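Trainee: I would like a close look at a single part of this model. Please take one residue, say where it sits and what it touches, and then set it against the chain as a whole.

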Amino acid sequence: EVNVKFKSPMHVGKFICVYGEIKSIKGSKLIFSIEAMRVEKNQKEVLVAGGTLSYVAINKLGKPRKFKANLK
């Protein structure tokens with residue numbers, strides 16, 4: 001699942017930095033908080049997008065499985 005909101009335009013040829021961190025781990029679901037920043041010529045970063053990404057761990061059969069407890 002992707003839930004991203006775009007806040008500012010991004011033009012071809014510009015540099016972008018993407019930052020993320022684990023927001024939560026619940027059972028088989030891992031949720032990341034992310035921000036995408038445009039880097040200006042003066043080195044200032046401007047937020048262009050932010051939101052969350054969710055991943056679900058699966059086993060060899062394609063069924064959801066729990067993350068290991070020591071993942072954090």
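Mentor: Take S54, in a model that is predicted. S54 belongs to strand β4, which covers residues 45-56. Its relative accessible area is 13%, and because buried means under 20%, S54 counts as buried. Leaving aside residues up to four places away in sequence, S54 touches E1, K29, L30 and I31.

The chain around S54 has zero helices and four strands, and read along the sequence the pattern is β-β-β-β. The radius of gyration is 16 Å, well over the 11 Å that the globule rule gives for 72 residues, so the chain is more spread out than a compact globule. Along the principal axes, the C-alpha atoms fill a box of roughly 45 × 20 × 20 Å. Of the 72 residues, 24% count as buried. Among contacts between residues at least 6 apart in sequence, 45% join residues at least 24 apart. The accessible surface comes to about 5900 Å², with 57% of it belonging to carbon and sulfur atoms.

As for charge, the chain carries 15 positive and 5 negative side chains, and the centres of the two sets lie 10 Å apart. Side chains of opposite charge can pair when their charged atoms come close. The structure holds one salt bridge. It links R38 with E40, whose closest N and O atoms are 2.5 Å apart. R38 is buried, at a relative accessible area of 11%, whereas E40 is partly exposed, at 25%.

Definitions and conventions
Residues numbered from 1 in each chain as written. Predicted model: local features only at pLDDT ≥ 70, side-chain atom pairs only at ≥ 80, totals over all residues. Heavy atoms only, no water. Helix = DSSP H or I, 4+ residues; strand = E, 2+ residues; numbered from the N terminus. Buried < 20%, exposed > 50% of the residue type's maximum accessible area, 1.4 Å probe, protein only. Contact = heavy atoms within 4.5 Å. Salt bridge = Lys/Arg side-chain N within 4 Å of Asp/Glu carboxyl O. Rg over C-alpha atoms; globule rule 2.2 N^0.38 Å. Areas by Shrake-Rupley, 256 points an atom, 1.4 Å probe, with all protein chains shown as cover. Lys, Arg positive; Asp, Glu negative; His and termini not counted. Charge placed at Lys NZ, Arg CZ, Asp CG, Glu CD.
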